[in-house]
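User: Please take a close look at a single part of this structure, the place where the two chains meet, and then set it beside a few other local features.

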Amino acid sequence: MTIPVEGILLIPVAAALLSAVSPNSRTASAVSIMGSAAVLAVSIPICMAAFGGTVTEYGLWYVDGLSSVFILIIGVVGLMSSMYSYGYLSHDEEHGEIGSKDIRQYHIMFNMFIAAMLSIFVVSSVGIMWIAIEITTLVSAFLVGFYRRNSALEATWKYLMICSVGITLGLVGITLMYASASHILGGDPGALDWPVLFGAAADLDPMLIKMAFIFIIIGFGTKMGLVPMHTWLPDAHSQSPTPVSALLSAALLNCALYAILRFQMIADVTVPGFASVLMIGFGMLSLAVAGAFILISKDIKRMLAYSSIEHMGIIAIGFGIGSPLAVFGALFHIIAHSVTKPLLFFSAGNVIQGYGTRDMGDVRGLRKSMPATAFMLGAGTLAIVGLPPFSVFVGEITVLAGAVDAGMYPVAVLTAAFLVLVFAGFTRNIFPMMKGEPEGEVKAPRGVLRMLPMATLLLITLFLGLFMPEIMSDALWSIADWFTGAT
Amino acid sequence: MDAAISGNLIDLCVVAMLLLSMLAMTTTRIAQLLNAFAVQSLFLTFLALVVADSTGHTELFILGGITFAVKVIGIPWAMRRISVRLHAGREVDSTMGIPGSLLICTILIIVAYLVTEPLMATLETITRNCLAMSMSVILIGLFMMVTRRKAMAEAVGLLMMENGLFLGVISISYGMPLVVEIGIFFDVLMVSAIIGIFALRISKAFDSIDTSVLRRLKE
């Protein structure tokens, strides 16, 4: 039996409703975990079919290989994050920072957030995709402002304002694209459907598309965290509860990236090479600025947030280069980043709850006080800076190889140089926390549901770095060939 | 309707919208700012109706109706209530004086004309000249968001940007598919509701809705 696309969206909505009526916070957590597991289970058949070349397309919906990559990422990260949420929020509840009513609200918003993100990847109209992206901002604003501290409110306000402006500019871009398409397709009501737009891409007006893509990369780039529109990102990531930070970094940024990719595919047909320059330019700038800030960061979650900007930069460069090899690398890097970053956020969450501070300078003796967390944090750090044998290494090296292969030597050299900078920043900040003696009392958090997602993510990132399953490499190669127009 | 008359009416509405954006930049009171926004939305409604009538795109009547209900009545009413509850002070602080702001508005309008000039040649709609105006309204809205210090004024800047955007949608393609447009309206409504909620929370937490207190998060 195949479950239709609606099923993927209905499960998180149902989970949100069930958590609203749950008698206590424990049930609400269980509902979230089971809902996330169900989403993952239901999306696998549709995604596998899409990887095999069967595009699911009916009514409002459209799911192909590219969207499937993102749907599976949301499934995995959502499940891990919902598991981690349980231990994380229980700890806060025990220490009287939040009540069980807050936890229930958290789970309602958490599931709505998952539903909003999933709907971006399954709709065919770019207009509805825009609406879904805007809804993710609105829903996640409540999660970012979950702790009603002043600093969290400030982060939420910045997040709402900057992302709303960004998304409005993105809509200007969509409007311009629609103007060009409706001119050709006449009054066709499907002129906003992505497959229709892509099919007509060769006949669109180059001037309008250029203008549209500039608005789109600035608008959606705001939400993706590209420098210089990234200023909301470190604040929102550092102020939100840790499981939400992981979701923002590993799932939400991908949503805006996905929208940009869809439009890049259209722009590449209409005006070849135009989008590449912008993608590489913004990617380089993001990489450079994020690298510098990682080096000087004091707050561990801000540092991880800048690391997300850095990885979004690498991914943008990969897609900008635009050869099948580089696009393959960028696609793989999206997956690698999305499984590795939550591992780091979860470890950081343990440290923050144990020591009661986010300042890395105040944390000492981690290896003695929390050996398991210290191990995870250390392994995660090695993974995220791109050391072998972890998956991020494979992604980065493939993008670099793609740059060299395409003859873009300056891009390759600069990228490599910035990666060294990031490596220096991470080792300088993370490893001193391990040594020495812990000062004062450490409330080491425990629990299987904390360690299980971390161990799983570590195994996935290690596994993907060592062997790439054939089904995955086939799927990514076929998407890369299709993306670059090689087939 | 006679084509010349409808053309004149369209120009009138668009120019009025731009002037109201500039008026909004010069006001120093929240109530005036909200009035300027409401009247601007009213002209947007008229514009939608005139274009619907003269081009036969009947779904623009619906768009006009929603604009009237949401942007002329709903949002200004709700924001006025919130600002009364906040005792928002009557002043709209700005990081820039009025003459300087107006000068920059003028520059923004010139930029909008330069940017949209090559695009206008490619369009065939009767309203294509509005594109530059639409871009001006968007840029002035953005400028207002950047320079104003009060949460309410920032929100109005965002809403005015959205008005400019709808002006653009109507002028270059006689509106998007209806599902999308209703969705976008629903969205605008949600954005203003949520911004209202957070403005209330900020005023409770900081005892002020002056967003210059929100400058603590940095490296």
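Analyst:

**An exposed loop residue, the chain contact and other local features**

A:Gly440 is exposed, since 7 other C-beta atoms lie within 10 Å, and 12 or fewer is the cut-off for that class. This residue belongs to the loop that runs between helix H17 (409-430) and helix H18 (448-466) of chain A. Its C-alpha atom is 8.6 Å from that of A:Tyr355, although the two are 85 residues apart in sequence. All of this is read from a predicted model, which scores ipTM 0.90 and pTM 0.94.

Turning to the part you asked about, 37 residues of chain A are in contact with 36 residues of chain B. On the side of chain A that touches chain B, at least two residues each come from helix H5 (126-144), helix H6 (150-185), helix H8 (206-224) and helix H11 (274-296). The most is given by H6(A), with 18 residues. Sorted by class, this side of chain A has 21 nonpolar, eleven polar and five charged residues.

For the partner chain, confidence can be stated as follows: chain B averages a pLDDT of 85, and 93% of its residues score at least 70. Among the elements of chain B, the highest mean pLDDT, 92, belongs to helix H2 (residues 30-55), and the lowest, 83, to helix H7 (residues 178-206). Where pLDDT is low, the predicted coordinates should not be read in detail.

Within chain B, B:Leu9 is a residue of helix H1 (residues 3-26). B:Leu9 is partly exposed, because 18 other C-beta atoms lie within 10 Å, a count between the limits of 12 for exposed and 20 for buried. The C-alpha atoms of B:Leu9 and B:Leu47 are separated by 7.7 Å, with their positions 38 residues apart along the chain.

Back in chain A, helix H12 (residues 300-321) and helix H13 (residues 324-355) pack at an angle of about 175°, and their axes are 9 Å apart. H12(A) and H13(A) are therefore roughly antiparallel to each other, as angles over 145 degrees count as such. Residues that make this contact include A:Ile300, A:Leu304, A:His311 and A:Phe319 of H12(A), together with A:Ala326, A:His333, A:Leu344 and A:Val351 of H13(A). By class, the residues of the contact of H12(A) with H13(A) divide into 14 nonpolar, six polar and two charged.

Key:
Residues are numbered from 1 along each chain as its sequence is written. Chains are lettered from A and ligands numbered from 1 in the order in which they are written. This is a predicted model: local features need pLDDT of at least 70, side-chain atom pairs count only at pLDDT 80 or more; totals for chains, interfaces and linings use all residues. Axes are lines fitted to C-alpha atoms, for helices over the stretch in contact, and angles run from 0 to 180 degrees between N-to-C directions. Helices (H or I, at least four residues) and strands (E, at least two) are DSSP runs, numbered from the N terminus. Angles under 35 degrees count as roughly parallel, over 145 as roughly antiparallel, 65 to 115 as roughly perpendicular and the rest as oblique. Two residues are in contact if their C-beta atoms, placed from the backbone, lie within 7 Å. Ala, Val, Leu, Ile, Met, Phe, Trp, Tyr, Cys and Pro count as nonpolar, Asp, Glu, Lys and Arg as charged, and the others, Gly among them, as polar. pLDDT is the predictor's confidence in each residue, from 0 to 100.
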